[in-house]
Amino acid sequence: MDGRLKVTGQAAYAADHRVDGVVYAAVVDSTVGRGRITGIDARAAEAQPGVLAVISHLNAPRLAYRPNSGSNNPDGARLRVFQDDQVLFHGQPVAVVVATTHEGARHAASLVEVRYDAARPSTDLNSAPAGEADSYARGDADSALASAEVRLEPKYRLSRNHHNPMEPHATIARWDGDRLTVWDKTQWVVGGTQQELAAVFGIPQESVRVISPFVGGGFGSGLRAWPHVIIAALAARETGRPVKLVLTREQMYFGTGFRPAYEYQMRVGSDRRGRLIAMTHDIRGETATYETFTEEVMAPGQMLYSMPNVRQTYATVPLDVNAPTWMRGPGAATGVFAIESAVDELAHEVGVDPIELRLLNEPERDESTGLPFSTRRLRECYEVGAREFGWNRRDPRPAATRDGDWLIGTGVSAAMYHTGSMSARAYVRLNADGTALVQSATSDMGPGTYTSMPQVAADALGLAMSAVRFELGDSLMPPTPPHGGSMTMASVGSAVQDGGDKVRQQAIALAVNDPRSPLHGVRPEDVIVRRGRLHLSNDPTRGETYEQLLTRNNRPHLEIIGSYAPPEQQRYTMNAYGAVFAEVAVDQRLGLVRVRRMLGVYDAGRIINPKLAESQAIGGMVGGIGTALLEHTVTDHRDGRIVNANLADYLVPVNADVPDLRAIYLDGEDQHADPIGVKGLGEIVIVGVAPAIANAVFHATGRRIRELPITAEALL
Ligand code: MOS
């Protein structure tokens with residue numbers, strides 16, 4: 001529905017909105033990695049034409065910074081912008097310049113002189129001590145490992161990754177008296193931006209309006225409000241002008257979150273046939289000193305395979321960095337890389353086909369809770385995938401298949417991502433002209449919410465899709481959970497369906513009680529609606545249109561707020577699953593890895609829109625190729641500076657890196673998951689991609705690379 005707007009430049013992203021009298025902000029970032037600001041000389045900046053203000057901790061008002069429990073903020077203190085002289089990481093905002101032009105603000109920002117009392121930051125996960133730790137255990141993994149017939153102890157490392165959405169983060173803020181309006185790039189209009197601004201400025205939530213009709217990619221980077229959102233609102237309040245603040249690409253690397261780097265020490269024990277007996281996972285992941293970010297890295301280790309003994313520790317390592325956050329397939333992508341690499345190592349060790357070994361260890365239920373799986377069709381994913389990919393054609397011996405200078409290998413990985421949903425609402429209005437309006441405050445970062453929600457609404461209302469208008473991205477609309485975690489269709493979709501069902505039922509009730517309706521007196525359950533016309537299910541000739549019904553009854557519309565709430569107690573463990581296959585070619589003399597083809601087979605429940613689902617899977621695979629082979633945020637540990645904070649040096653896959661990608665979704669639905677039967681598909685599609693590629697590299701070369709990204713240096 002929004003494709004034409006996007007490709008013709010008519011879709012208004014955050015910074016595109018035209019706000020009268022807007023002025024421009026440019027952030028000054030710390031050039032030291034830790035320490036204290038000892039002085040700021042803003043005279044040269046202030047003397048520039050058009051400069052309205054230079055705001056720093058020296059002149060900024062104290063802000064309320066109330067707790068915001070309804071947000072995605074991790075435990076901790078939040079970064080309080082311009083509230084004191086402390087520098088917690090390289091790139092931290094230390095001042096903002098507001099000027100009448102964007103260029104003027106940028107130039108003046110470069111003239112602000114900040115003096116520091118600098119200390120050496122701690123930014124190296126490998127050497128820094130761990131902070132808080134979480135743990136999990138069942139059975140006695142350490143004893144079981146001691147007596148296991150086969151034992152492996154691989155250690156894996158994953159580099160820090162950045163989201164790098166095409167649209168930079170941007171905020172326009174305008175105050176009208178005590179009321180604040182922001183146009184923001186956000187994946188959570190209500191909890192992420194509206195509530196956070198209210199909490200920081202100490203004003204009622206209703207005093208903040210957030211508008212975000214289009215988001216140009218997010219991958220998780222928009223799940224909370226970052227400091228620049230606060231800075232834009234603060235600058236607007238201080239100058240009395242609407243302020244636009246767009247982060248530079250470089251600022252995106254320390255002004256928003258990232259996928260933290262991890263070390264993952266595995267120990268795996270099995271019998272000689274590859275039946276798993278025990279695993280231990282000792283995990284270390286990056287966090288900031290001021291916030292403790294954690295994610296679901298442990299869950300896959302508890303339920304991906306059947307085994308009596310599991311022990312896990314997950315320690316966060318506080319570093320002098322900005323706070324990490326979720327990035328596509330959060331937690332699962334990391335945990336599954338370690339597990340699926342280790343399982344592949346085990347298959348090779350015991351001489352069992354990697355798929356057979358996985359099938360041998362398929363659990364019947366979630367052994368961490370004892371709960372049944374709502375649906376788990378991973379076996380089918382392997383079966384379909386092996387057939388479609390041609391898995392059985394491979395020579396199982398590593399480094400045995402050649403194509404000229406290239407060694408050819410194939411690899412497979414399981415994927416899982418938990419199915420989540422949260423309370424959501426949607427306004428549904430059926431107009432007397434037979435059209436409908438549906439609104440919900442979700443945002444949309446690109447998966448096609450503008451298309452999929454009208455599909456759901458049209459189905460529920462019995463309308464043609466073209467008769468439904470769907471609006472999103474405004475905090476005045478009914479609230480929704482974050483647009484993330486693969487929850488939007490399960491949550492918002494269920495609310496839209498609920499609203500559509502109820503309005504349809506209202507219309508049917510109106511008809512059967514209306515003596516002038518051809519449906520007068522019939523049982524409501526015998527009436528169906530198709531393309532805007534109500535009729536008897538067994539006699540399509542007896543009926544009338546919504547338009548006739550509402551017009552005759554002088555009803556301009558029927559309306560309701562549909563809602564969805566997840567059950568209080570889960571009776572099932574719910575996950576989406578996938579089997580990911582990769583074929584790579586490796587030139588060992590050059591250290592080159594080329595992905596030749598990939599196939600993902602997914603058990604994601606009901607698929608609302610196959611075209612959009614395909615697009616998600618292709619995008620997830622491209623992202624996973626990045627994680628596997630290219631993406632790596634590099635820090636200079638002497639001062640905490642990110643040295644490749646740009647899209648020339650932070651490598652992402654381009655078209656030449658992206659071969660034949662194919663996705664298959666298993667038919668079906670998950671009736672336990674949510675009213676729509678979906679299991680979520682935006683996150684699962686990146687999980688399993690990196691291990692499938694790493695396993696294929698091993699199969700091609702016989703060399704096991706345990707660190708991502710797999711670089712030429714590692715292969716030479
Ligand atoms: Mo997804 S990491 O919740 O945008």
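Strands β24 and β25 (residues 533-536) of this predicted model pair in the antiparallel sense, with four bridges between them. One point of register is given by valine 529, which stands opposite leucine 534 in β25. The two strands belong to an open sheet of three, ordered β24-β25-β26 and paired in the antiparallel sense. At its edges are β24 (527-530) and β26 (539-545), each of which pairs on one side only. On average, neighbouring strands of this sheet are turned by 35° against each other, direction ignored. Helix α13 (residues 488-512) packs on the sheet, where it touches β24 and β25. The direction of α13 makes about 120° with that of β24.

The loop that leads into α13 comes from β23, and serine 486 is found in it. Phi of serine 486 is positive, near 55°, in a residue other than glycine. Most residues other than glycine have a negative phi. Is serine 486 buried or exposed? Serine 486 counts as buried because it has 26 C-beta neighbours inside 10 Å, and the cut-off for that class is 20 or more.

Going back along the chain from that loop, one comes to β23 and its partner. Strand β23 (residues 468-472) pairs with β22 in the parallel sense over five bridges. Within this pairing, alanine 436 has valine 468 of β23 as its bridge partner. Strands β22 and β23, together with helix α12 (residues 449-461), make a right-handed β-α-β unit.

Strand β22 (residues 436-440) also pairs with β21 (residues 424-431), here in the antiparallel sense and over four bridges. Tyrosine 427 has glutamine 439 in β22 as its bridge partner. The hairpin of β21 and β22 has four residues between the strands, and in this hairpin glycine 434 takes a positive phi near 85°. How much of β22 is covered? Four of its five residues are buried, and the strand is mostly covered. The pairing itself follows a general pattern: strands of a sheet pair through backbone hydrogen bonds, either parallel or antiparallel.

Another helix to look at is α16 (residues 689-701). Its 13 residues reach 18 Å from the first C-alpha to the last, close to the 18 Å expected at 1.5 Å a residue. Of these 13 residues, 12 are buried, so α16 is largely enclosed by the rest of the structure. The buried residues include Val689, Pro691, Ile693, Asn695, Phe698 and His699. In an α-helix there are 3.6 residues a turn, so residues three or four places apart point the same way. What covers the buried residues of α16? The cover includes the helices α9 (332-350) and α15 (610-629), and the strands β20 (406-418), β28 (575-587), β29 (592-603) and β33. Glycine 702 follows α16 and has a positive phi, near 80°.

Strand β33 (707-708) is followed by a loop that runs to α17 (712-715), and proline 709 is placed in this loop. The peptide bond from leucine 708 to proline 709 is cis, with omega near -5°. Most peptide bonds are trans.

A further backbone feature is found in the loop between β13 (208-211) and α6, at phenylalanine 219. Phi of phenylalanine 219 is near 60°, a positive value in a residue other than glycine. Phenylalanine 219 is buried, because 27 other C-beta atoms lie within 10 Å.

Helix α6 (residues 227-239) contains isoleucine 230. With 24 C-beta neighbours inside 10 Å, isoleucine 230 counts as buried. Which residues does isoleucine 230 touch, not counting those up to four places away in sequence? They are Val81, Val200 and Ala225. Isoleucine 230 and arginine 555 are 325 residues apart along the chain, and their C-alpha atoms are separated by 45 Å.

For residues 8-120, UniProt lists "domain: Aldehyde oxidase/xanthine dehydrogenase a/b hammerhead" in an unreviewed entry. In the model, this span is 12% helix and 33% strand, and its end C-alpha atoms lie 48 Å apart.

Conventions. Residues are numbered from 1 along each chain as its sequence is written. This is a predicted model: local features need pLDDT of at least 70, side-chain atom pairs count only at pLDDT 80 or more; totals for chains, interfaces and linings use all residues. Two residues are in contact if their C-beta atoms, placed from the backbone, lie within 7 Å. Two strands pair if DSSP finds at least two bridges between them. Axes are lines fitted to C-alpha atoms, for helices over the stretch in contact, and angles run from 0 to 180 degrees between N-to-C directions. A crossover is right-handed if, with the strands pointing away from the viewer, the path from the first strand over the helix to the second runs clockwise. UniProt positions are given in the numbering used here, feature names are shortened, and annotations may be inferred rather than shown by experiment. The expected span of a helix is 1.5 Å times one less than its number of residues.
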